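Got the viewer open and a free hand for the mouse? Here is a walk through the model, one selection after another.

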Amino acid sequence: MIGFFKSVREDIAAVFETDPAARSYFEVLFCYPGLHAVWAHHWNQWLWRHGMRFLARFSSQVTRLLTGIEIHPGAQLGRRLFIDHGMGIVVGETAIIGDDVTLYQGVTLGGTGKEKGKRHPTIGNNVSIGSGAKILGNITVGDNCRVGAGSVVLRSVPDNSTIVGVPGHIVLREGKRVVITDPKEIRDPLSDVIIKLATEVHEIREKLQEHTHESMGAEPDLSIDEETKPARTLPEELFFEDYQI
Ligand SMILES: CC(C)(COP(=O)(O)OP(=O)(O)OC[C@H]1O[C@@H](n2cnc3c(N)ncnc32)[C@H](O)[C@@H]1OP(=O)(O)O)[C@@H](O)C(=O)NCCC(=O)NCCS
C-alpha cells in the first residue's frame, strides 16, 4: 500500500514535469484520466497475477469505459508513466513499458496479428510516443527515443533515435540527422514501385540507344546539355557530417 501511495506521488510529480498545462495538485489528481488508468492498472495487474483473470479483464474494461484507455492487466508498466489526454490508447497483454515514458492520445502498443507468445512491443526508458502512433509486434523501442505523431513502427529502434512516418524510419540518431539514400531502407511499398520504374526507364533507355545505333549507324545523343543543366547538389554535400556516422 505504501508502495502504491509512493507511486501516486511520483506520477503526479511526473505530470508537473511533463505537462506545462498542469496547474494544481487537485487538478492533476482529478482531471488526468491517464493517471486514473495507470492507478487502476496496479489493481488489475494484481488480480491478473493472482489468477483472477476474468475479474482483472472486467475491471480493465470498466477502466476503459471511464478513461478511454485500454491497458491489458498482463501488461508491465514502468514507473512514472504519463498518459497525456488518454482516449484511444491500447496497451497489449505482453507489452512492457520502461520508466519515464509519455504516451499521447491514440497510441497503440499492439500485435501484428501474426505472432503468438510475446507479441507486443517493449518500450525503453524515457521514451515519448506521439499521438496516434502505432507500435506493432514484438519489437523494441530503445531508451530516450521519440516516436513522431502518426507513425507506424514495425521494426526495432536503437537507443537515442527519433522515428517518424509510415512505415517509421529514423530521422535523428544520437542527435544527428540521418539521411536515407537508399529508398529500400524505408521499406515503403511505394519505394518498390519507384525502384521498378527507375529500372524500367534505364532498360528503355538502353534499348532506344541500341535501336538508334542499329538504324542510324550512330550513337544517339542522349546527354544533357551541360550549359542548360540545372546545378545539382549531392545529398553528401548537404549533409556531410551525417555521412560520417
Ligand atoms: C517526432 C518529433 C518528436 C520530432 O521533433 P523534432 O526532434 O523537433 O524533429 P523535427 O521537427 O526537426 O523533425 C525532423 C524531421 O522529421 C519530420 N517529422 C517530424 N515529426 C513528424 C511526424 N510526426 N510525421 C512525419 N514526419 C515528421 C520533420 O518534417 C523533419 O523532416 P525534414 O527535416 O525532412 O523536414 C515531433 O515532430 C512529434 O511528432 N512529436 C509528437 C508530439 C505529439 O504527439 N503531441 C501531441 C500533443 S497532444
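Start by selecting Ile89, which is buried because 26 other C-beta atoms lie within 10 Å of its own, and 20 or more is enough to count as buried. Keep in mind as you look around that this is a predicted model. Ile89 sits in strand E3. Which residues does Ile89 touch, leaving aside neighbours within four places in sequence? Show Ile69, Glu70, Ile83, Leu103, Gln105, Gly106 and Val107, and you have its contacts. Now add Thr108: it is 19 residues from Ile89 along the chain, yet the two C-alpha atoms are separated by 5.7 Å.

**Zoom out**

Show the whole protein chain as a cartoon. You should find 6 helices and 15 strands. Of the 245 residues in the chain, 27% are buried. If you look at contacts between residues at least 6 apart in sequence, 30% of them join residues at least 24 apart.

**The core**

Ile83, one of the contacts of Ile89, is a good way into the next stop. The largest nonpolar core has 35 residues, and Ile83 is among those with the most contacts inside it, along with Ile129, Ile135, Val141 and Val147. In soluble globular proteins, nonpolar side chains tend to be buried together. Colour helices H1 (2-18) and H3, then strands E1 (69-71), E2, E3 (89-91) and E9 (134-136): each of them supplies at least two residues of this core. Which element gives the most? That is H3, with 4 residues.

Stay in the core a moment and select Val141. Apart from residues up to four places away in sequence, Val141 touches Pro121, Ile123, Gly124, Val127, Ile135, Val147, Val153 and Val157. Two of those, Ile135 and Val147, are on the list of best-connected core residues too.

**Along helix H3**

Select residues 33-49 for H3. This helix has 17 residues and reaches 24 Å from its first C-alpha to its last, close to the 24 Å expected at 1.5 Å a residue. Colour its buried residues: Gly34, Leu35, Ala37, Val38, Ala40, His41, Asn44 and Trp48. An α-helix has 3.6 residues a turn, so residues three or four places apart point the same way. Keep that in mind as you turn H3 and follow the coloured positions, including Leu35, Val38 and Trp48. After the helix comes Gly51, with a positive phi near 80°.

**Across the sheet**

Next, pick out the open sheet of 7 strands, in the order E2-E5-E8-E11-E13-E14-E15, with mixed pairing. Its edges are E2 (82-83) and E15 (176-177), each of which pairs on one side only.

Step through some of the pairs:

- E8 (128-129) and E11 (146-147) pair in the parallel sense over 2 bridges, and Ser128 stands opposite Arg146 there.
- E11 and E13 also run parallel, joined by 2 bridges; Val147 has Ile163 as its bridge partner in E13.
- E13 and E14 run antiparallel, with 4 bridges between them. Look for Ser161 opposite Arg173.

**Turns to click on**

What does the backbone do in the hairpin of E13 and E14? There are 4 residues between the strands, and Gly165 takes a positive phi near 95°. The peptide bond from Val166 to Pro167 is cis, with omega near -10°, and Pro167 is in the loop between E13 and E14.

Two non-glycine residues with positive phi are worth a click as well. Asn126 has a phi near 60° and lies in the loop between E7 (122-123) and E8. Buried, exposed or partly exposed? Asn126 is partly exposed, with 19 other C-beta atoms within 10 Å. Glu174 has a phi near 50° and sits in the loop between E14 and E15. With 11 other C-beta atoms within 10 Å, Glu174 is exposed.

**Last stop: the ligand**

Select the ligand and its surroundings. There are 13 residues around it, and the closest are Gly130, Ser131, Gly148, Ala149 and Val164. Colour the shell by class to see 5 nonpolar, 7 polar and 1 charged residues. You will meet the hairpin strands again here: E13 (161-164) and E14 (169-173) each supply at least two residues of the shell.

Note on methods:
Residues numbered from 1 in each chain as written. Predicted model: local features only at pLDDT ≥ 70, side-chain atom pairs only at ≥ 80, totals over all residues. Pairing = 2+ DSSP bridges. Near = placed C-beta within 6 Å. Nonpolar A, V, L, I, M, F, W, Y, C, P; charged D, E, K, R; others polar. Expected span 1.5 Å × (residues − 1). Buried ≥ 20, exposed ≤ 12 C-beta atoms within 10 Å, placed from the backbone. Core = buried A, V, L, I, M, F, W, Y, C linked by C-beta atoms within 7 Å. Contact = placed C-beta atoms within 7 Å.
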